[in-house]
Amino acid sequence: MKAEDVMTRDVISIDPDATVLQAARLMLQHHISGLPVIDRDGTLVGVLSEGDFLRRRETRTERRRSRWLEFLMGPGKIAAEYSHSHGSKVSEVMTPDVVTVDVTTPLEEIVDVMERRRVKRVPVICGSQVVGIVTRSNLMHAMVSLARVAQPGATDDAAIRERLLAEIQKEQWAPAATANVVVHDGVVELWGVIVDERQRDALKVAAENIPGVKAVKDHMIWIEPTSGMTIEPPDNAPPH
């Protein structure tokens, strides 16, 4: 899937000369957490988000630092923070360094950009114009829509086993050399050795995601690498 497949096309934007209060009212009215800032020529010049309203003079939440720390930071940084917390126009508060994607950008790349740049939304550009926006909500909608598509179920126990073993073989975290799988009437039994307790949870998830699986029974033994101590699975632990 690409950006154009999941993006919101009806983009709500704000002019850089609009007031901060106008922007805040617009965001509250439409229940959105961010706005692209687009000038009269249709050019994207910035983005305004909820985070830009955290440190504001109206709420008396401006940053307050010691004189010594301000001296170390230098006047430029302090002046920029003052403009951000006291500015009345969107252009004075917005983030000018905007991360954008193209309409053909794959979702995997969009997610990577969001994680790397720590942003919740990315405007979608076609040429020089903003044609949409992809938010975390858009990605959640895509996930739900794709999950609704019925996957073909495994025809029998052997097919379930082969599919799970193939999944284990391709994952680097999986203990492919020591894992064994038994399937009977749709019930998957996991046997073998793990060296990290988190592998147990991941193996269960891998089994549960296969259509036709009714239940998963865990018999995996955890051998702690440092001490060599053997720990039985929780379901098999003897009663106290």
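Does leucine 69 count as buried, exposed or partly exposed, and what is its relative accessibility? The points below take up this residue and then two other parts of the predicted model.

1. Leucine 69 counts as partly exposed because its relative accessibility is 36%, a value that is neither under 20% nor over 50%. The residue belongs to helix 3, which covers residues 67–73. Together with Trp68, Phe71 and Leu72, Leu69 makes a nonpolar surface patch of about 500 Å².

2. Leucine 54 is found in the loop that runs between strand 2 (44–49) and helix 3. With a relative accessible area of 59%, leucine 54 is exposed, since the cut-off for that class is over 50%. Leaving aside residues up to four places away in sequence, leucine 54 touches Thr59 and Thr61. Its C-alpha atom is separated by 48 Å from that of isoleucine 223, and the two residues are 169 residues apart along the chain.

3. Helix 8 comprises 14 residues, 157–170. From first C-alpha to last it reaches 20 Å, close to the 20 Å expected at 1.5 Å a residue.

4. Ile160, Leu164 and Ile168 are buried in helix 8. Viewed down the axis of helix 8, the buried residues fall within an arc of 65°, and therefore line one face of the helix. In general, an α-helix has 3.6 residues a turn, so residues three or four places apart point the same way.

5. The cover over the buried residues of helix 8 includes strand 6 (180–184), strand 7 (187–191) and helix 9 (197–208). On the face turned away from the buried side, helix 8 carries the exposed residues Glu162, Gln169 and Lys170.

Conventions:
Residues numbered from 1 in each chain as written. Predicted model: local features only at pLDDT ≥ 70, side-chain atom pairs only at ≥ 80, totals over all residues. Heavy atoms only, no water. Patch = residues over 30% accessible without salt bridge, like charges linked within 9 Å, V, L, I, M, F, W, Y side chains within 5 Å. Areas by Shrake-Rupley, 256 points an atom, 1.4 Å probe, with all protein chains shown as cover. Salt bridge = Lys/Arg side-chain N within 4 Å of Asp/Glu carboxyl O. Helix = DSSP H or I, 4+ residues; strand = E, 2+ residues; numbered from the N terminus. Buried < 20%, exposed > 50% of the residue type's maximum accessible area, 1.4 Å probe, protein only. Contact = heavy atoms within 4.5 Å. Expected span 1.5 Å × (residues − 1). Arc of directions from axis to C-beta.
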